[in-house]
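Colleague: I have the sequence and the picture open side by side, so please take me through this one slowly. Start with whatever wording you will rely on.

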Amino acid sequence: MCERFTAALVIILIISPLAVPQPAPPIPQTDYGLIDSLSYSQQIAQEAWQPMAGSKHVSIVDIGGKRALRMPCNFRGTRLERASWDRRIRLDLTMCKGVRFLFYCRDTSPVASFSFYFHSGDGWYAGRFDAPASAEWGAVEIHKSATNIEGSPAGWDKVDTIRISAWRGQNVDTEFYVTALGRFGTDTKIVVARGDSAASAAPDEARAAKEYTDIVAGFLDRAGLSYIVVSDLDVTAQRLKPAKLIILPYNPKMPDDVADEIAKFLRAGGKMIACYTLPNRLEPLVHIRTGPHIRQKYPGWFASIRPCEGALEGMPSTTGQASWNIQQASAVEGQSRVAALWYNNKGQSTAQPAVIVSDNCAYLTHVLLADDPANKLQLLLAMVGNLAPQLWREAAQNRIDQIGRFGPYDDFSSARRSIRDLASGTDSALSVLGQAGELREQAVRLLSGGKFSQAIFTSEKARESMIEAYCLAQKPLAGEHRAFWCHSAFGVAGMTWDQAIERLAENGFTAILPNMLWGGVAFYKSNVLPTAEAVEEKGDQIRLCLAACKKHAVECHIWKVNYNMGWATDKKFMAGMKTQGRTQVSYDGSENDRWLCPSHPDNQKLEIQSMLEVARKYDVDGLHFDYIRYPGKDGCFCKGCRQRFEKTVGKAVGNWPGDVRNNNSLREKWLNFRRQQITSVVAAVAERAKQIRPDIKISAAVFRNWPADRDSIGQDWKLWCDKGYLDFVCPMDYTASNSQFHRMVAQQLTWTGKVPCYPGIGLGVWPDPTDICKLIEQINITRRLGTGGFTVFNYGPAQASEVLPLLGKGMTGRPLSTLPDASEAVQRR
């Protein structure tokens, strides 16, 4: 779903409604300005913080002479989906990084997740967050750059309401405390303008604008450079005045008046980095001309960025970037120059400019992607430093400071001591650790000599060595189930199935779960589902993957996306399903043409037969369910669902679909009906697949919060474990918060019983999808909890080239006979 925040809250568990809450610990001092001091009466507090329907009122509490909000969550015996409160307050949050507050939580187990919203105009900026792990007060930072857009907000300067929500996780009451709500990150020299202006005209473009803004923000965080993310709707020359540099990560629909404000900033001496889209009004000011889009001639045509004669100081010799198209651009003679060119995956120049620079602008002809992060950071810093030299020293000092700041460590000294202890005689780890120390000393000397770009480069090498030493110092666990999901039916881009599976095997992984079929398409010769057109050209993907797995002794568990027909499904097939009444209809009557209705008997038969066909045709190790659920609480309410439900309960439903939500008796029967449709398919596949192949393993990727998800999406996976339908289960615990991951896995182990639980680790959806240190930390959490294994999402090029080799150096390397066995840990659990 890197620990640049997203956000967090606070909570105290009430054992029973009559229990008296234990007092919260003393509130720590803060040194930032507040936007709500809570200096009002109980009555005003309850008027100011309006509860949403069903939620209880807040109250002001005194803790050691300081005030805090008590926010009760009345989940027990209610149908409350979330405890939520709105605070009407006018805020201009344009020129800050976000909001910060203190938060206390005794036990977050009744809450699935938390949200913090900002209302503006006709929409919201929405952030989700995890609770801090500490038993004391914890600081929560909600970064604007991490929020999603809902509707059409009018900008961060027009916030008129904030909302705090705690989403129901269990049928247990709880409460949390919040205080010291204020702004943070108000002093910065870099402004990142997010393309929110695209939201109303093209929601998909707005999502892309957020994605590429997040990537840029992540690299700036890694460099330790202070920045502010602003909506491009909020950009004015006056607001930009304190800044030295504005960055446009991807701004496809920038209004002319916004471009005019940036033009004023540039004329006043400001500098700009623009990626992919360069507003026409700014081209004459930066002396760069853009032309039409250029699509790749083949995958890999735009594979890397390499400096040329006009290179920037500090630019890497090669920066990997797998771009699919670019913007044609050219320099203006005497006023700008080409600094780098695009090269293909054969190492040949395409002659197309990748970076063009002038005195006030650096223009990248595509968006900045997250691949090859070490060199990508160097490339970004080269552009920043050459435009704003005063930021070179700051960046160089920050990179030195961050050499030992990764994973569980806060500084170089503590990291070095801990890695020495972990290595315990591992010569390779100690040797690389020594190299890291030498490189750090060299970087310090370069900084002192004013050689900032070289200091940054050397610091990055020192950090890489520290992380390598950390990886070398890890110890493997014998007998552990280690798996990767692979979302592409064609494997890892740029590798054959044989190469991809060999890479897994040589780095100690024991299984792969390749996505070979969906609700409406198969990537092999199928007699049940339509076969994808690409199979004719690229071959039967199960056969190719399975052959590689047999060769390299890696288990192959075929992953099916159930009910969702997928992007590759033939449109005629989808239209036929809709015509036959086999697709879903939402609660509001809107049609969901891509999802099959789970209660339709023919759809159930299709799901079952397609999975059994795999068991019959291929000697696979297992079948893996995914999307074995409804898309959400609003599905499915088609005519067929109504008829089949009425037959089940033995009477007509007068007001459809309202009665199945609002009539308590019918509501429970409806929820049970939905669960039965999903469970019946799991049970049938489990029983009949083992008749075909007795040793086959049945598994499922499931949502992480069973008590809530069995109602919201009909996924009763604890029952599947209890009934023995599953041989192992993989809850999708996709969080970058280690404390949240620990809480989720610990809870899930109480639901799985004797069935192995191999938690899903969301590497591929983290802000840094190559964060080897966090991956190691979360694997260690599974080991401490005795799960016996784990499953990582997702196996792609970056994971194959950057993550697996580092894991194989220690964490998943071939274990010695003296090391502990995973089965012993499971038995202890």
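Modeller: Contact here means heavy atoms within 4.5 Å, while helices (H or I, at least four residues) and strands (E, at least two) are DSSP runs numbered from the N terminus. This is a predicted model, in which local features need pLDDT of at least 70 and side-chain atom pairs count only at pLDDT 80 or more, whereas totals for chains, interfaces and linings use all residues. Residues are numbered from 1 along each chain as its sequence is written, and side-chain values use heavy atoms, with hydrogens and water left out.

Colleague: OK, what covers the buried residues of α23?

Modeller: The elements that cover them include α10 (452-472), β25 (481-486), α11 (497-506) and α22 (772-785). The buried residues of α23 are Ala798, Gln799, Ala800, Val803, Leu804, Leu806 and Leu807, where buried means under 20% relative accessible area, exposed means over 50% and partly exposed lies in between, with a 1.4 Å probe and protein chains only.

Colleague: And how far apart are the end C-alpha atoms of α23?

Modeller: They are 16 Å apart, and this agrees with the 16 Å that the 12 residues of α23 (797-808) should span at 1.5 Å a residue. The expected span is 1.5 Å times one less than the number of residues in the helix.

Colleague: What about α9, which residues are buried there?

Modeller: In α9 the buried residues are Ala429, Val432, Leu433, Ala436, Gly437, Ala443, Leu446 and Leu447, and what covers them includes α7, α8 (412-423) and α10. An α-helix has 3.6 residues a turn, so residues three or four places apart point the same way. The 22 residues of α9 (427-448) should span 32 Å, and its end C-alpha atoms are indeed 32 Å apart. After α9 comes Gly450, whose phi is positive, near 75 degrees.

Colleague: You mentioned α7; where does Asn398 lie, and what does Asn398 touch?

Modeller: Asn398 lies in helix α7 (residues 390-401), and, leaving out residues up to four places away in sequence, Asn398 touches Ala223, Gly224 and Leu225. Asn398 counts as buried because its relative accessible area is 16%.

Colleague: Changing topic: how many disulfides does a search of the whole structure find?

Modeller: The search finds 0 disulfides, a disulfide being a pair of cysteine sulfur atoms within 2.5 Å. For Cys636, the nearest cysteine sulfur belongs to Cys638 and is 3.6 Å away, and Cys636 is in no disulfide. Cys773 is in no disulfide either, with the sulfur of Cys471, the nearest one, 5.9 Å away. Cys636 is buried at 0% relative accessibility, and Cys773 is buried at 4%.

Colleague: Now the interior: which residues touch the most other members in the largest nonpolar core?

Modeller: Ile512, Leu623, Ile772, Leu775 and Tyr795 do, in a core of 196 residues; a nonpolar core is a set of buried Ala, Val, Leu, Ile, Met, Phe, Trp, Tyr and Cys residues joined through side-chain atoms within 4.5 Å. Helix α18 (residues 664-692) gives the most to this core, with 11 residues. Another core of 40 residues lies apart from it, and among its residues are Trp49, Leu80, Val111 and Ala131.

Colleague: How many aromatic pairs are there in the whole structure?

Modeller: The search finds 38, counting rings of Phe, Tyr and Trp (its six-membered ring) whose centres lie within 6.5 Å, with planes under 30 degrees apart called stacked, over 60 edge-to-face and the rest tilted. Phe116 and Phe118 make a tilted pair, 5.1 Å centre to centre with 45 degrees between the planes. Phe302 and Trp342 have centres 5.6 Å apart and planes at 65 degrees, so that pair is edge-to-face. That pair links distant parts of the chain, 40 residues apart, with Phe302 in strand β19 (residues 302-307) and Trp342 in strand β22 (residues 336-343).

Colleague: Last one: where does the charged end of Arg440 sit?

Modeller: It sits over the ring of Phe412, 4.7 Å from the ring centre, the rule being that NZ of Lys or CZ of Arg is within 6 Å of the ring centre and within 35 degrees of the ring normal. Arg674 lies over the face of Tyr630, at 4.3 Å from the ring centre.
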